[in-house]
Structures are given as structure tokens and as C-alpha cells.
Amino acid sequence: MPNPKDYAILFDASRCIGCKACQVACKQWNDLEAEKTENRGSYTNPPRLTAHTWISMRYYEGLRPDGDPYFDFIRGSCMHCTHAPCVVSCPTGAMAHREGGVVTVDEKTCIGCRSCVQACPYGAVHFDEARGVVHKCTMCYDRISNGDQPACVKACPTDALTFGTYQEIRALAEERVRVLKERGYARANVYGLAELGGTHVLYVLTEHPSQYDLPKAVREAEKRAATGWLSAGIAAAALGAGLKFIVERREALKGGGQ
Amino acid sequence: MITVNLPNPMGEEHWGFWIALYFFLAGTTGGAYLLSVLFYDKDQGLVRRSALWAFLGVAVGAGLLVIDLGQPLRFLNLLLNGFHPASVMWLGSWFLVLAGAGLLWVYLRPTSRGVQQGVAVLAALVVGYTAVLLMQTAKPFWNASPLLPWLFLASAATAGGALLRLWYPHEKLSRLVIASALVEGAVLALHLIWTYPAATPGVLALLVGPLAWAFWGFVVVGWGLPLFLERRNAALAALLTLVGAFLLRYFVVMAGQV
């Protein structure tokens with residue numbers, strides 16, 4: 001569970017209008033270059049996060065089973081996990097938590113091995129080929145550590161994004177879910193309370209997280225590695241003993257027959 | 001700042017051709033050393049020669065890894081930048097260094113059986129950690145089943161046995177290669193079935209998609225044909241097995257990133 005005094009961001013999907021002001025503000029503040037993109041039949045553009053796109057709004061449209069149309073948005077970006085798989089898998093300590101629970105990468109230490117890229121369940125860390133290091137959202141650490149809000153939060157015109165302490169943000173998220181349920185959104189929920197030790201970016205959703213391609217019940221990287229080591233140990237013992245048994249029993253049988 | 005981008009000859013993945021080649025080199029030569037210690041410890045000439053191959057495999061493989069880093073000159077950060085035992089990448093780097101030194105020692109000087117077995121444990125860790133490294137990621141094709149270490153270790157036994165067999169034709173090796181190839185095939189089939197629900201795109205890419213050439217190439221040329229040829233033309237069977245061992249590493253690495 002994050003420290004109550006940690007930094008946190010709330011994304012309230014019920015208030016988002018999909019204007020991408022956050023996406024643009026992120027590019028501007030962090031001086032990220034433009035991506036060459038093409039129309040893929042969706043407003044989601046660029047289609048995924050990259051080393052130069054740290055926020056990309058995702059758009060979901062279609063018809064509900066009862067025939068009602070829906071058009072939902074989610075802010076795709078780093079979730080600043082408490083048990084962050086990118087931090088766990090980093091072999092050099094370049095990817096680390098800073099004060100306030102924010103996850104950032106130290107470009108001077110990063111070796112570009114891309115363990116973190118493979119470890120992130122949100123696809124939020126990306127390799128910059130030109131510089132040989134990885135990049136991702138920093139929660140605008142340069143701004144928040146000086147008392148300002150992240151650029152994306154500041155730019156949001158509908159209060160879909162809110163910045164504050166984890167305690168405040170979590171209370172606000174739970175209050176919003178209560179209000180939404182009163183208004184008839186029976187499936188309203190908070191995402192990020194249980195995932196990876198609690199994320200420092202919380203989402204208020206009106207639908208099940210799977211509707212927004214958000215992973216549920218993500219296994220922590222420590223546990224995945226522990227399963228791997230256990231399995232490897234059993235495999236080595238079983239294969240070694242098994243092969244030895246098969247090969248030498250045959251030899252012993254042959255020896256006995258002579 | 002010096003960055004190197006060793007182009008992937010066959011794709012734009014984060015971990016691609018060079019990583020697969022390293023997995024193959026370390027797995028095959030490490031497997032050969034393991035088998036020689038397990039089954040031929042009376043033949044010190046063979047143990048020491050296979051220690052040399054394994055040293056070369058580990059050294060060349062580690063060289064490929066360093067060149068594939070975004071910041072190759074910072075590779076020492078892997079070893080000297082703190083203690084990160086939760087990171088499989090960090091542990092693997094140490095296994096490579098220790099196993100490399102141990103293998104060189106076994107080759108250069110007459111060593112006791114205990115030393116050779118200790119180095120064999122390090123070699124097994126080098127062979128096995130690569131699977132745990134993949135399992136620590138968020139990619140379902142790699143981590144949805146615990147069988148990847150079984151697959152890599154069985155493949156190391158098959159390919160290592162084939163490598164030994166090229167230089168040291170021996171009936172016992174033939175039985176060993178057949179037994180471990182059968183285990184390898186069963187584990188691969190089980191892994192595909194087990195991961196299919198979570199990693200459908202990856203499994204389909206192997207069976208009928210862009211990686212089908214590597215997958216079916218392995219099944220037919222690198223696995224089935226050697227089993228058929230084992231009693232007829234052992235040298236050809238061994239060569240095909242080695243080709244298959246590379247294809248296996250390649251399609252496992254690529255299918256995780258589909």
C-alpha cells in the first residue's frame with residue numbers, strides 16, 4: 001500500500017471527454033518529439049506508448065448488450081506501482097522509486113538492457129534507440145517536487161485528472177465511485193488499489209477494467225521470478241536424475257546380461 | 001555518450017536475434033559441459049574439452065549481450081552498481097562471470113571432481129536463468145506456464161548431447177539425446193497448450209503465423225528428423241539438432257513479444 005503522504009494522480013474516466021490535452025501537455029513540458037503516425041481507424045494515436053509518448057489516450061467505442069452506444073476513454077501511462085516490476089527487474093538500480101513513491105529512470109545509470117520494458121504490464125516503459133536508454137512518465141517529478149502539478153493534470157479542462165497526496169486521491173476516488181453508483185453506474189469501481197501493491201495513479205472507471213484493456217490480478221515480478229527459480233530447480237533435479245537413471249539403468253541391465 | 005545499435009537482422013523486437021543466439025550458445029555449450037560432468041567424469045579429457053567449449057559459448061554469448069545493450073560501455077553497471085538479487089538480469093550477469101571463470105579454470109588446470117561439479121552448478125544456473133529471466137516479464141507466452149525452465153534445460157541436454165556426439169560418438173549419448181528430445185517435445189507441447197488461453201496471439205503466430213517457419217522448422221528439421229536419423233546418420237542428426245536448438249530459442253524469444 002502506498003504511503004498516505006505519497007504523490008498520486010486520479011484519472012476519472014466518467015469525467016474525461018477524450019480531448020487529449022493531457023497527451024499534448026505531456027509532450028510539451030517534457031520536450032518529447034512528435035511521432036509519425038497514420039490513421040488506423042481509431043482516435044487512439046499513437047497506438048501505443050513509446051519512448052517519446054508517455055501518455056496516450058485510448059478510445060473504446062461500440063454498443064452495449066442493451067443496444068446503447070458507448071464511447072469510453074482511458075489514460076494510458078505509467079501507473080507508478082508500489083511493487084513496480086520495472087524496478088524489481090532493473091539490474092543496475094537505474095529504475096527506482098523516488099521520494100513520494102514516484103518511479104523514474106536515471107538515464108546516467110541505465111544500460112539499455114530493456115528488462116523493465118519486458119516487465120511492465122502496462123507497456124509504459126520504452127527504449128530510446130537514439131540514446132540507448134529507456135524513458136517513461138516521471139509524474140513530472142521536476143514540477144511536483146517544486147510544488148506544482150504534473151503538466152497533464154494542469155492541462156485537464158474537465159477535472160478528470162486530479163493531483164494530490166495518496167490519501168486525498170484515494171478518498172476522492174472512493175467518493176466518486178459512491179456518487180456514480182447512486183447515479184446508476186452499477187459497475188463503477190476504483191482501479192489500482194490492489195494491483196502491484198497499489199498504484200500511485202488511480203482510475204475511477206464506470207465499467208469493468210477489462211473493458212479498458214487493464215490487466216487485473218497482475219502477479220508481482222518477485223513472485224514470477226520465484227516461480228521460475230522453483231520450477232528451474234525442480235527441472236534441473238528431475239532431468240538430471242531422470243536422464244542418469246534411464247541411461248545407467250540400461251547400462252547396468254546390459255552389464256548384468258553379459 | 002556512445003550508443004550502439006546492433007540491428008536485429010530479423011525484426012524490431014526489444015530482445016531479438018542476438019539474445020536468441022546467446023541463449024543458444026550458452027544453453028548448448030553449457031549443456032554439453034553438464035552432460036560430460038554427469039555422465040563422463042571418468043574421461044577427464046572430455047570434461048576439460050567441453051569446459052573449453054562452454055567457456056567460449058559463455059564468453060561469446062556475453063559479448064553479444066554487451067553489444068546488444070543500448071549503452072554497451074556501461075556494462076560494468078550490471079556488476080558494480082549495487083546489489084539487486086530480485087533482478088534476474090543482475091543474477092544472470094553474475095552467473096555468467098562466475099561460470100565463465102570456473103569453466104576456464106576447469107579447462108586450464110586439472111581439477112577435482114568436486115570443483116567440476118561446483119562449476120557444473122554454475123553452468124546449470126547459466127542455462128536455467130535465461131528461462132527465469134523471461135518468466136519475470138509481463139509477457140504471457142513466457143510466464144503463463146512454469147515450464148520454460150524445463151524446456152530450456154531439456155533443450156540444453158538435447159543440444160549439448162548432440163554437440164558432444166559430433167566429437168565423441170558413443171552409444172550412451174545417443175540414448176541420452178533421444179530421451180531428452182522426447183522430454184523436450186512433450187514439454188513444448190504442454191507449454192503451448194498451457195499458455196494458449198493467456199497468450200493466444202503468440203501461440204497462433206507460432207502455429208500458423210509469421211513465426212511458423214521457425215516453429216515447424218524446429219519440429220520437423222530440428223526435432224523429428226534427428227530422432228528419425230539418430231540410429232542411421234548420427235552426425236547429421238546432431239547437426240540438425242543444433243539447428244533446431246537455435247530455432248527453438250529464436251521462436252520462444254520472438255513469440256513472447258508478438
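W216(B) is partly exposed, with a relative accessible area of 40%. Partly exposed lies between buried, under 20% relative accessible area, and exposed, over 50% (1.4 Å probe, protein chains only). W216(B) sits in helix α10 of chain B. Helices here are DSSP runs of H or I with at least four residues, strands are E runs of at least two, and both are numbered from the N terminus.

This is a predicted model, in which local features need pLDDT of at least 70, side-chain atom pairs count only at pLDDT 80 or more, and totals for chains, interfaces and linings use all residues. Residues are numbered from 1 along each chain as its sequence is written, chains are lettered from A and ligands numbered from 1 in the order in which they are written, and side-chain values use heavy atoms, with hydrogens and water left out.

W216(B) belongs to a nonpolar surface patch. Its partners there are Y196(B), L204(B), L207(B), V208(B), V220(B), V221(B), L225(B) and F228(B), and together the patch has about 800 Å² of accessible area. Two elements give two or more residues to the nonpolar patch: α9 (200-207) and α10 (212-229) of chain B. α10(B) gives the most, with five residues. Patch residues have over 30% relative accessible area and no salt bridge, and nonpolar side chains (Val, Leu, Ile, Met, Phe, Trp, Tyr) are joined within 5 Å.

Now look inside. The structure holds eight cavities of 30 Å³ or more. A cavity is a set of points on a 1 Å grid over the protein atoms alone, where a 1.4 Å probe fits but cannot get out. The largest has a volume of about 100 Å³, taken as the space filled by probe spheres set on the points. Its lining comprises 14 residues, each with an atom within 4 Å of a point. C16(A), C19(A), C22(A), C156(A) and A160(A) lie nearest the centre of the largest cavity. By class, eleven lining residues are nonpolar, two polar and one charged.

The backbone of chain A has some features to check. A cis peptide bond joins N45(A) and P46(A), with omega about -5°. P46(A) is in the loop between α1 (21-29) and β2 (56-63).

M139(A) is not a glycine, yet has a positive phi of about 55°. M139(A) lies in the loop between β7 (133-135) and α4 (141-144). M139(A) is buried, at 2% relative accessible area.

L196(A) also has a positive phi, near 50°. Its loop runs between β9 (189-191) and β10 (201-205) of chain A. L196(A) counts as buried, at 1% relative accessibility.

Technical notes. 1 Å grid on protein atoms, 1.4 Å probe; cavity = no way out; pocket = protein on both sides within 12 Å on 5 of 7 lines; lining within 4 Å. Nonpolar A, V, L, I, M, F, W, Y, C, P; charged D, E, K, R; others polar. Patch = residues over 30% accessible without salt bridge, like charges linked within 9 Å, V, L, I, M, F, W, Y side chains within 5 Å. Areas by Shrake-Rupley, 256 points an atom, 1.4 Å probe, with all protein chains shown as cover. Salt bridge = Lys/Arg side-chain N within 4 Å of Asp/Glu carboxyl O.
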